[in-house]
Amino acid sequence: MKQFPKVMLLALALVSFSGVASAQSKKIMEERDKILAPYPQAQEGMVRHVIFLDKKSDESMFKVEIIPGKVMNVDCNHHTLMGQLQEKDVQGWGYTYYEFTSNGQTRSTMMACNKPNEDRFISSQTTLVRYNSKLPIVVYAPKGYEVKYRVWKAGKTVTSPSK
């Protein structure tokens, strides 16, 4: 019976914490919607993918690799999705966004495979862009396609030997 007040206190704390977390989450979503306002809505048959980056102390040391692709049922060969990632400008704002187009065709090596086909993420040509946590990276891709990304960090500067 002595545990009952502690359990009620814990339940009350969890409910109030979830309310605070929900309010913060709503505020973050509103801020992100405001940031995305200048970017065009996705056209029919397209999906808008948005990448928000964390703030870094020296963002010049980082790059972001945009990796468009699609999960496909393929054999054991190395496959590459054919497509194009174009850089475009938001008119009147000076912001950049990217548009990926593909007809879904792939090219691949031609090894003989003795394994059954499997579902794998098949990427297209990637693009390296500047790391900037102040603006999102916006990529439009056809429905059914994914946009992954990888953050690259520069290593130490190395001096080449003289000969």
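Modeller: A residue is called buried when its relative accessible area is under 20%, exposed when that area is over 50%, and partly exposed in between. The model under discussion is a predicted one.

Colleague: How should Glu-118 be classed, as buried, exposed or partly exposed?

Modeller: The relative accessible area of Glu-118 is 42%, so this residue is partly exposed. Its salt-bridge partner is Arg-120, with the closest N and O atoms 3.5 Å apart. Arg-120 has a relative accessibility of 27% and therefore also counts as partly exposed.

Colleague: What makes such a contact a salt bridge, and how many are found in the whole structure?

Modeller: The criterion is a side-chain nitrogen of Lys or Arg within 4 Å of a carboxyl oxygen of Asp or Glu. A search of the whole structure gives three salt bridges. In one of them, the side chains of Arg-150 and Glu-65 meet, at 3.5 Å from N to O.

Colleague: Which parts of the chain does the pair of Arg-150 and Glu-65 tie together?

Modeller: Arg-150 belongs to strand S10 (residues 146-153) and Glu-65 to strand S2 (residues 62-74), so the pair ties together parts that are 85 residues apart in sequence. As for accessibility, Arg-150 is partly exposed at 42%, whereas Glu-65 is buried, with a relative accessible area of 11%.

Colleague: What is the N to O distance between Glu-99 and Lys-88, and in which strands do these two residues lie?

Modeller: The side chains of Glu-99 and Lys-88 meet in a salt bridge at 3.4 Å, N to O. This pair links distant parts of the chain, with Glu-99 in strand S5 (residues 95-101) and Lys-88 in strand S4 (residues 84-90), 11 residues apart. Glu-99 is buried, its relative accessible area being 17%; Lys-88 is partly exposed, with 28%.

Colleague: Let us turn to pockets. How much space lies in the largest pocket, and which residues are closest to its centre?

Modeller: The space in the largest pocket is about 240 Å³. Its lining comprises 13 residues, and those closest to the centre are Thr-96, Tyr-98, Arg-130, Asn-132 and Pro-136.

Colleague: Which strand gives the most to the lining of the largest pocket, and how is that lining made up by class?

Modeller: Strand S5 gives the most, with three residues. Both S5 and strand S8 (127-130) supply at least two residues each to this lining. By class, the lining of the largest pocket holds eight nonpolar, three polar and two charged residues.

How values were computed: Residues are numbered from 1 along each chain as its sequence is written. This is a predicted model: local features need pLDDT of at least 70, side-chain atom pairs count only at pLDDT 80 or more; totals for chains, interfaces and linings use all residues. Side-chain values use heavy atoms; hydrogens and water are left out. Helices (H or I, at least four residues) and strands (E, at least two) are DSSP runs, numbered from the N terminus. Buried means under 20% relative accessible area, exposed over 50%, partly exposed in between (1.4 Å probe, protein chains only). On a 1 Å grid over the protein atoms alone, a cavity is a set of points where a 1.4 Å probe fits but cannot get out, and a pocket is an open set with protein on both sides within 12 Å along at least five of seven lines; lining residues have an atom within 4 Å of a point. Grid points are joined across faces, edges and corners, and a volume is the space filled by probe spheres set on the points. Ala, Val, Leu, Ile, Met, Phe, Trp, Tyr, Cys and Pro count as nonpolar, Asp, Glu, Lys and Arg as charged, and the others, Gly among them, as polar.
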